[in-house]
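Here is the note you asked for, written for someone who has not looked at this model before. The points are best read with the structure open alongside.

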Amino acid sequence: LKYESKYNKNHIVGTEIDKGVMILDDSFYYDENGHLEGVPRFDPDNLFPNMFFHSITRIRERLVVIVIGNEVLFEKITEIL
């Protein structure tokens, strides 16, 4: 299923927003050194951790993080908080 829209990542890059939601699934994990990593993707320019950090730095006021199907990641995030 492809989502058709006049907006894409190139349209919003660099845009700051007041409120945002980040959904993290089993594409994300912490490595043995405690660094957030992501599973390899078909496009090496869009690495999951890079997209995550880029996105959260653009949110000015309120960030909601939703973790789906990744209990280990959820536990690590709650430890950090």
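**Notes on the predicted model**

1. Of the 81 residues of the protein chain, 20% count as buried. The model is a predicted one, and the points that follow should be read with that in mind. The chain has three helices and four strands, and along the sequence these elements are arranged in the pattern α-β-β-β-α-β-α.

2. Two salt bridges are counted in the model, and Arg60 takes part in a network of such bridges that also links Glu16 and Asp18. In one of them the side chains of Arg60 and Glu16 meet, with an N to O distance of 3.8 Å. Because Arg60 lies in strand S4 while Glu16 lies in the loop between helix H1 (9-12) and strand S1 (17-24), this pair ties together parts of the chain that are 44 residues apart in sequence.

3. Arg60 also forms a salt bridge with Asp18, and here the closest N and O atoms are 3.0 Å apart. This pair, too, links distant parts of the chain, since Arg60 belongs to strand S4 and Asp18 to strand S1, 42 residues apart. As for the acidic partners, Glu16 has a relative accessibility of 43% and therefore counts as partly exposed, and Asp18, at 35%, likewise counts as partly exposed.

4. Which side chain of opposite charge is nearest to the buried Asp31? It is that of Lys76, which is 8.7 Å away, and Asp31 has no salt bridge. Asp31 is found in the loop between strand S2 (28-30) and strand S3 (36-38), where its side chain reaches the backbone nitrogen of Asn33 at 2.9 Å.

5. The second largest pocket, with a volume of about 220 Å³, also deserves a look. Its lining is made up of 14 residues, and Leu24, Phe52, Val65, Ile77 and Leu81 are those that lie nearest its centre. The elements that give two or more residues to this lining are helix H2 (48-56), strand S4 (59-67) and helix H3 (71-80), and the largest share, five residues, comes from H3.

6. What kinds of residue make up the lining of the second largest pocket: nonpolar, polar or charged? The lining divides into 13 nonpolar residues and one polar residue, with no charged residue among them. Strand S4 therefore appears twice in this note, as it contributes to the pocket lining and also holds Arg60, the residue paired with Glu16.

Technical notes. Residues are numbered from 1 along each chain as its sequence is written. This is a predicted model: local features need pLDDT of at least 70, side-chain atom pairs count only at pLDDT 80 or more; totals for chains, interfaces and linings use all residues. Side-chain values use heavy atoms; hydrogens and water are left out. On a 1 Å grid over the protein atoms alone, a cavity is a set of points where a 1.4 Å probe fits but cannot get out, and a pocket is an open set with protein on both sides within 12 Å along at least five of seven lines; lining residues have an atom within 4 Å of a point. Grid points are joined across faces, edges and corners, and a volume is the space filled by probe spheres set on the points. Ala, Val, Leu, Ile, Met, Phe, Trp, Tyr, Cys and Pro count as nonpolar, Asp, Glu, Lys and Arg as charged, and the others, Gly among them, as polar. Buried means under 20% relative accessible area, exposed over 50%, partly exposed in between (1.4 Å probe, protein chains only). Lys and Arg count as positive and Asp and Glu as negative; His and the chain ends are not counted. A salt bridge is a side-chain nitrogen of Lys or Arg within 4 Å of a carboxyl oxygen of Asp or Glu. A polar contact is a pair of N or O atoms within 3.5 Å; within protein, one must be able to donate a hydrogen and the other to accept it, and residues adjacent in sequence count only if both atoms are side-chain atoms.
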